[in-house]
Amino acid sequence: KSYDNYIGLTDSPSEIYGRTLSIPDSLIGRYFEFATEIPTDKLTALGLETAFENMGKSFSGVVLGKVVECGPHENADKLSVCEVDTGDSENYSIVCGAPNVKKGIYVPVAKVGATLQNGEFKIKKAKLRGVESIGMLCAEKELGLSDANEGLMELASDAPVGNDLRDYLQLNDTIIDVDLTPNRADCLSIAGIARDAGVLYQ
């Protein structure tokens, strides 16, 4: 989910009702401290139909990396052999088939031992068409972030190499999805949601 999809001040009531307001629990936490996940059933009982979605839950061990070299695979036309910097003492050789891979881009790197698809897929050393690959460069779909699978997920050029991707993208939040109804106009803001949620912890 993108923070850009939050309801803005320019939306009219007719455009707002029937839509879902999505808020990271870290923003709720600016108003009061809570030790455990806010209970959806109790918020619903207060008149806020609520559900939760854990961000970044589908992967672990994925870091920010930079492709420092990229060349053709000698045995496969559609594969590239990349040298990738992940902030370790040495760079890794990773075979990649993404069409947008090139020298100089910053991308998510699933290192050996990382898991994808909610732990069902573990990254191991492999040989692809005779060339060793130590890790995997990732698309958004492979990380469970979206359905985009046309190429690698490209990150900003100032991305801190070696940092955990979950921390960089702030994916350790839980997203609170609230279905808005006309009788709860007081909850068209983060402060309004926090006020109701805070009642549960008094």
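User: In this predicted model, is Lys-103 buried or exposed, and how should I read its relative accessible area?

Analyst: The general idea is to set the percentage against a cut-off, and a residue counts as exposed when its relative accessible area is over 50%. Lys-103 has a relative accessible area of 55%, so it is exposed.

User: Which side chain does Lys-103 meet in a salt bridge?

Analyst: For a salt bridge one looks at the distance from a side-chain nitrogen of Lys or Arg to a carboxyl oxygen of Asp or Glu, which has to be within 4 Å. The side chain of Lys-103 meets that of Glu-69, with 3.7 Å from N to O. Since Lys-103 lies in the loop between strand 5 (92-96) and strand 6, while Glu-69 lies in strand 3, the pair ties together parts that are 34 residues apart in sequence. Glu-69, at 39% relative accessibility, counts as partly exposed.

User: How many salt bridges does the count come to, and what are the others?

Analyst: By this rule there are three salt bridges. In one of them, Asp-88 pairs with Lys-111, and their closest N and O atoms are 2.8 Å apart. Asp-88 belongs to the loop between strand 4 (76-85) and strand 5, and Lys-111 to strand 6, so this pair ties together parts that are 23 residues apart in sequence. Both residues are partly exposed, Asp-88 with a relative accessible area of 29% and Lys-111 with 24%. Another joins Asp-186 to Arg-195, whose closest N and O atoms are 3.3 Å apart; here Asp-186 is partly exposed at 36%, as is Arg-195 at 45%.

User: Asp-186 also appears beside Asp-196; where is Asp-196, and which residues does it touch?

Analyst: Asp-196 sits in helix 5 (residues 190-199) and counts as buried, at 10% relative accessibility. If residues up to four places away in sequence are not counted, Asp-196 touches Leu-43, Leu-46, Leu-48, Arg-184, Asp-186 and Cys-187.

User: How many residues form the largest nonpolar core, and which strand gives the most to it?

Analyst: A core is read as a set of buried residues joined through side-chain contacts, and the largest nonpolar one here has 16 residues, with Phe-59, Val-62, Ala-110, Leu-116, Leu-143, Leu-155 and Leu-165 having the most contacts inside it. Strand 3 (60-73) and strand 6 (106-116) each supply at least two residues of this core, and strand 6 gives the most, with four. Apart from this core lies another, of 15 residues, including Val-67, Val-84, Val-107 and Leu-152.

User: How many disulfides does the structure hold, and why are Cys-82 and Cys-138 not bonded?

Analyst: A disulfide is a covalent bond between the sulfur atoms of two cysteines. The structure holds zero disulfides, and the cut-off to apply is a sulfur pair within 2.5 Å. The sulfur of Cys-82 is 3.8 Å from the closest cysteine sulfur, that of Cys-70, which is too far for a bond. For Cys-138 the closest cysteine sulfur is in Cys-96, at 9.3 Å, again too far. Cys-82 is buried at 1% relative accessibility, and Cys-138 is buried at 0%.

User: Which residues other than glycine have a positive phi, and where are they?

Analyst: Here one reads the sign of the backbone angle together with the residue type. Asn-118 has a phi near 60 degrees and lies in the loop between strand 6 and strand 7 (121-122), where it is exposed, at 54%. Arg-129 has a positive phi of about 55 degrees; it lies in the loop between strand 8 (126-128) and strand 9 (131-133) and is exposed, at 53%.

Terms used. Residues are numbered from 1 along each chain as its sequence is written. This is a predicted model: local features need pLDDT of at least 70, side-chain atom pairs count only at pLDDT 80 or more; totals for chains, interfaces and linings use all residues. Side-chain values use heavy atoms; hydrogens and water are left out. A nonpolar core is a set of buried Ala, Val, Leu, Ile, Met, Phe, Trp, Tyr and Cys residues joined through side-chain atoms within 4.5 Å. Buried means under 20% relative accessible area, exposed over 50%, partly exposed in between (1.4 Å probe, protein chains only). Contact means heavy atoms within 4.5 Å.
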